[in-house]
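Here is a walk through one protein model, from a couple of odd backbone angles to a cavity, the strands around it and the cysteines. Have the structure open while you read.

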Amino acid sequence: MIKTLSAYTLEIDDCEKAVSEILSQLDLGKNLLKNSVGIVSCYSEFIESGVVKALREKLPFDIIGTTTISGGIAGVNGQLMLSIAVITGDDVSFSTALSQPLMPDNFKKHTASAYEDALSRLGQKPAMIFICSPLFFDIAGDEVIRAIDEVSGGVPLFGTLAVDHTKDYHTAHTLFNESASLNRLSMLLIAGNINPSFSVASVPEHKIVKQKAIITKSHNNLLIEVNDMPVVDYMTSIGLAANGKIEGLNTLSFTIDFNDGTKPLVRGIFGQTPEGYAICGGSMPVNATLGIGSVDHDDVIAMTAEAMKKLPLDKLSSGLFVFSCISRNMALGFDITAEIDAIENIVGGKVPYLMAYSGGEICPVYDKDGKPVNRFHNETLITCLF
């Protein structure tokens, strides 16, 4: 049996005060069990001010995490905030690792090495892996997942890509103990008496334009042809492109069905190449079925509420982690806390949780036999319930 402790601080400038607030809320002397680890989510200025480093120096366990634009724990949320969730238990084991800097030509090697390093200290096969990844622009999130799957044998992966409040995300960091990095992946392996369940929520069915569309040519995250025609011509044929330009890049997204019994997932449309290819937020596999959708403020709130109501909460539930894509926060306009408020209204007081916004979501989906299959998502809300 495990339990989850949570704490927060809004104090950015005074490290001593910030750490004192968090330690007081956690009350580690009373609550800590045999093995523990911390998951941190924070505004990037908490790194610059030294709060993250000062906190780690006072904690008797490892921490991993990422920066975010906003988040919260039960009872409180906000932007200029640091949140921590501590997983602790007598019959669970944890092992953490930090990769070497990841580049397109070495990420497979370094990602595998980080996993093997953590595994060697865990001493047994993990039940799940918690991932805190950099926000890649030159490495597809799917590729990192595949690299870990190859060495882990498909152990369930859950996690987030770092994000921040800047236009170019230049302060989006991953966290590992005292370290903060722009290009290194931190991971947590969990083994023992733990039974995680996962869920995803993205574009509602009624907001997906259903056309008979099949991806017929692609390269990684570049969508080149649909139904054997250039993607721009296909988009023009359904009224979503004109004069060689795809319209609504910031409001539309693709849904892709792998046709393997798993739930369709979402790909953001980030731009268009000079050749007219669509630049997507993840891989676009040939022969997958393509749909097009969009979400607005009301969709985000409705989907989030529905996802929370479906969680199998009971007296044995010990902790919940929720990550939601930054694009969903953008869809809220000035009502920036509405999604976190929806989570609090349903699960607050029932289970300790940590929620944060993400630059990309890593979460298994279940196939027709109920087996978890690791996937990389865009514009999606994901949950992991212990």
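N243 is exposed, with a relative accessible area of 80%. This is a predicted model, so treat the backbone angles that follow as computed values. Phi of N243 is near 55°, a positive value in a residue other than glycine. The residue lies in the loop between β18 (241-242) and β19 (245-246).

N259 has a positive phi too, about 55°, and is not a glycine either. You'll find N259 in the loop between β20 (253-257) and β21 (265-272). N259 is partly exposed, with a relative accessible area of 48%, which falls under the 50% that a residue has to exceed to be called exposed.

Now for the cavity. The structure holds 1 cavity of 30 Å³ or more, and its volume is about 40 Å³. Which residues line the largest cavity? They are S41, C42, T68, S70, G71, G72, G78, Q79, M81, S83 and M355. Two elements, β2 (35-42) and β4 (71-73), each give two or more residues to this lining. Sorted by class, the lining has 3 nonpolar and 8 polar residues, with no charged ones.

Take β2 to begin with. This strand is mostly covered, with 7 of its 8 residues buried. β2 pairs with β6 (residues 82-89) in the antiparallel sense, over 8 bridges, and there S41 stands opposite S83. Both S41 and S83 are among the lining residues of the cavity. β2 also pairs with β3 (residues 63-67), here in the parallel sense and over 5 bridges. Within that pairing, V40 has G65 of β3 as its bridge partner. Strands of a sheet pair through backbone hydrogen bonds, either parallel or antiparallel.

Next comes β4. It runs antiparallel to β5, and 3 bridges join the two. G71 has G78 in β5 as its bridge partner, and both glycines belong to the cavity lining.

Here are the strand pairings just described, put together.

| Strands | Sense | Bridges |
|---|---|---|
| β2 and β6 | antiparallel | 8 bridges |
| β2 and β3 | parallel | 5 bridges |
| β4 and β5 | antiparallel | 3 bridges |

β4 and β5 are also part of an open sheet of 6 strands, in the order β5-β4-β25-β24-β28-β13, with mixed pairing. Why do β5 and β13 each have one side without a neighbour in the sheet? β5 (76-78) and β13 (197-201) stand at the edges and each has a single partner strand, so one side of each is left without a neighbour. On average, neighbouring strands of this sheet are turned by 10° against each other, direction ignored.

Last, the cysteines. The count comes to 0 disulfides. C325 is in no disulfide, and the nearest cysteine sulfur, that of C363, is 14 Å away. C325 is buried, with a relative accessible area of 7%.

Why does C363 have no bond to its closest cysteine? The sulfur of C363 is 7.5 Å from the closest cysteine sulfur, in C384, and that is too far for a bond, because a disulfide needs the two sulfur atoms within 2.5 Å. C363 is buried as well, with a relative accessible area of 0%.

Conventions. Residues numbered from 1 in each chain as written. Predicted model: local features only at pLDDT ≥ 70, side-chain atom pairs only at ≥ 80, totals over all residues. Heavy atoms only, no water. 1 Å grid on protein atoms, 1.4 Å probe; cavity = no way out; pocket = protein on both sides within 12 Å on 5 of 7 lines; lining within 4 Å. Points joined across faces, edges and corners; volume = space filled by probe spheres on them. Helix = DSSP H or I, 4+ residues; strand = E, 2+ residues; numbered from the N terminus. Nonpolar A, V, L, I, M, F, W, Y, C, P; charged D, E, K, R; others polar. Buried < 20%, exposed > 50% of the residue type's maximum accessible area, 1.4 Å probe, protein only. Pairing = 2+ DSSP bridges. Axes fitted to C-alpha atoms, helices over the stretch in contact; angles between N-to-C directions.
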